[in-house]
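Please explain how this complex is put together, going from the chains as a whole to single elements and residues. Running paragraphs in plain language would suit best.

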Amino acid sequence: MYNTMRTMKYLFMVMAAMLLASPAFAQAAGEAVSPWTPIGAGLGMALAAGLCGLGQGRATASAAEALARNPGARPGIFTFLILGLAFIESLALFTFVIIFLYVK
Amino acid sequence: MPTQLYLTSVLNRLFAAPVDRVLGALHIAVKYPQAPINNTFTMELLAFALLLLYFIAVRVSLSVEKPGALQHLAEMTHEFVSEQGEQIIGHGYERFTSYLIVLGLFILLANLMGLFSPWLESPTANVAVPLGFALVTFVYYHYHGVRVNGFGYIKQFLGPVWWLYWLLFPIEVISHLARILSLTVRLYANMFAGDLLTLAFFSLVPVGVPLLFLGLHLGVAVVQAYVFMLLAAIYLSLAVSHDH
């Protein structure tokens, strides 16, 4: 038990040391950008945001309905609602990150 | 030279030479030798120092008869995380509480830093920081999975029937690696997009309206810290479960 704790301690110290060395992200520069890129980015983000809103709306609607039927189950529903919203939202955020990587 | 926050410039004035030497020894190219320490790193150190001070203060002022304000705060945090841990992980959640608390508090503090004051910025708006959190969580839950299940932990990667093992093993490995990606990008993109959104609306309407988005950003910062902690707990519970 004590030994595992010590191994864990060293493991985390190494992890922390690795965490500190934040690498500089190399940026590709000077490439020609197509004139359609901003339109594509806008369309992509609009699609992602709209569909994400649709999904989150459905999730929230069902959560509200479940809460109205059974107000006692509030903590469980709340946790699942937050989780589901985070997962749905992260899909839109993937789009955002990809757009941000490609459109400079 | 990149723009530096006040604290970063202080750190760089003090430690630029030794940090350059360490990075040189590790064969990492330094772009600006006068300023090897960036804002993100400084802010992370600041969050680390503040949390350490907070924990030391709580530990020193611990008392049964007269609990102070700090102790109440610490107890509330502990109770909240324990409750979540008990709901999600169930039996034996106690040994993970400390990790979950530190993870949650660190991310919360890091997220809120950029909102608190113009002399600070959120370290989580740089992709390297959430990646660090995600990697530590990844190693941590796999360690506990192996500790609890032993060699049988590999069964979680293999699926229900033996003739599908060859197909499911790569899929499971990829899905576990995708957890790192999704944890990282979720936190990073939320914080980054929040800052950007406030800035964009500030450039459109410089009065009043950006305040709304600052409020939204505050909510997002708290929720994302909670979600990261919750997901770490869920991954832990999946890794240490026996019924596979």
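In chain A of this predicted model, 74% of the contacts between residues at least 6 apart in sequence join residues at least 24 apart. The chain has three helices and zero strands, so its elements, taken from the N terminus on, run α-α-α under the DSSP-based assignment. Buried residues make up 6% of its 104 residues.

Chain B can be described in the same terms. Its secondary structure comes to seven helices and zero strands, and from the N terminus on the order is α-α-α-α-α-α-α. Of the 244 residues of chain B, 33% count as buried. Among contacts in chain B with a separation of 6 or more, those between residues 24 or more positions apart account for 64%. The C-alpha trace of chain B spans about 60 × 55 × 45 Å along its principal axes.

How far can the model be relied on? For the complex, the predictor gives an ipTM of 0.70 and a pTM of 0.81. The average pLDDT of chain B is 88, and 99% of the residues score at least 70. Within chain B, confidence is lowest in helix α1 (residues 6-25), where the mean is 85. It is highest in α5(B), at 93. As a general caution, predicted coordinates should not be read in detail where pLDDT is low.

The domain assignment divides chain B into domain 1 (1-37) and domain 2 (39-240). The C-alpha centres of these two domains of chain B lie 28 Å apart. Contact between them involves seven residues of domain 1 and seven residues of domain 2. On the domain 1 side of chain B, the residues that touch domain 2 divide into five nonpolar, two polar and no charged.

Turning to the interior, the largest nonpolar core has 50 residues. Those with the most contacts inside this core are Leu103(B), Ile107(B), Phe228(B), Ala232(B) and Leu236(B). Which elements supply at least two residues each to this core? From chain A there is α3 (74-102), and from chain B there are α2 (39-60), α3 (69-88), α4 (94-116), α5, α6 (165-204) and α7 (209-240). Helix α7(B) gives the most to this core, with 13 residues. Around Leu103(B), leaving aside its neighbours within four places in sequence, the contacts are with Phe133(B), Phe228(B), Met229(B) and Ala232(B). Two of these partners, Phe228(B) and Ala232(B), are also listed among the residues with the most contacts inside the core.

Helix α5 of chain B covers residues 128-149, 22 residues in number. From its first C-alpha to its last it reaches 31 Å, close to the 32 Å expected at 1.5 Å a residue. Its buried residues are Ala128(B), Val129(B), Pro130(B), Leu131(B), Gly132(B), Phe133(B), Ala134(B), Thr137(B), Tyr140(B), Tyr141(B), His144(B) and Gly145(B). One of them, Phe133(B), is the contact partner of Leu103(B) named above. After α5(B) comes Gly150(B), whose phi is positive, near 65 degrees.

Three other residues of chain B show the exposed side of the picture. His27(B) is placed in the loop between α1 and α2 of chain B. Its phi is near 60 degrees, a positive value in a residue other than glycine. Why does His27(B) count as exposed? The reason is that it has 6 C-beta neighbours inside 10 Å, and a residue is exposed if that number is 12 or fewer.

Pro206(B) has its place in another loop, between α6 and α7 of chain B. It counts as exposed because it has 9 C-beta neighbours inside 10 Å. Pro206(B) and His142(B) are 64 residues apart in sequence, and their C-alpha atoms are 48 Å apart in space.

Gly219(B), by contrast with these loop residues, is found in helix α7 of chain B. Gly219(B) counts as exposed because it has 10 C-beta neighbours inside 10 Å. C-alpha to C-alpha, Gly219(B) and Leu70(B) are 23 Å apart in space, with their positions 149 residues apart in sequence.

Note on methods. Residues numbered from 1 in each chain as written. Chains lettered and ligands numbered in written order. Predicted model: local features only at pLDDT ≥ 70, side-chain atom pairs only at ≥ 80, totals over all residues. Helix = DSSP H or I, 4+ residues; strand = E, 2+ residues; numbered from the N terminus. Expected span 1.5 Å × (residues − 1). Buried ≥ 20, exposed ≤ 12 C-beta atoms within 10 Å, placed from the backbone. Contact = placed C-beta atoms within 7 Å. Core = buried A, V, L, I, M, F, W, Y, C linked by C-beta atoms within 7 Å. Domains from an automatic or database assignment. Nonpolar A, V, L, I, M, F, W, Y, C, P; charged D, E, K, R; others polar. pLDDT = per-residue confidence, 0-100.
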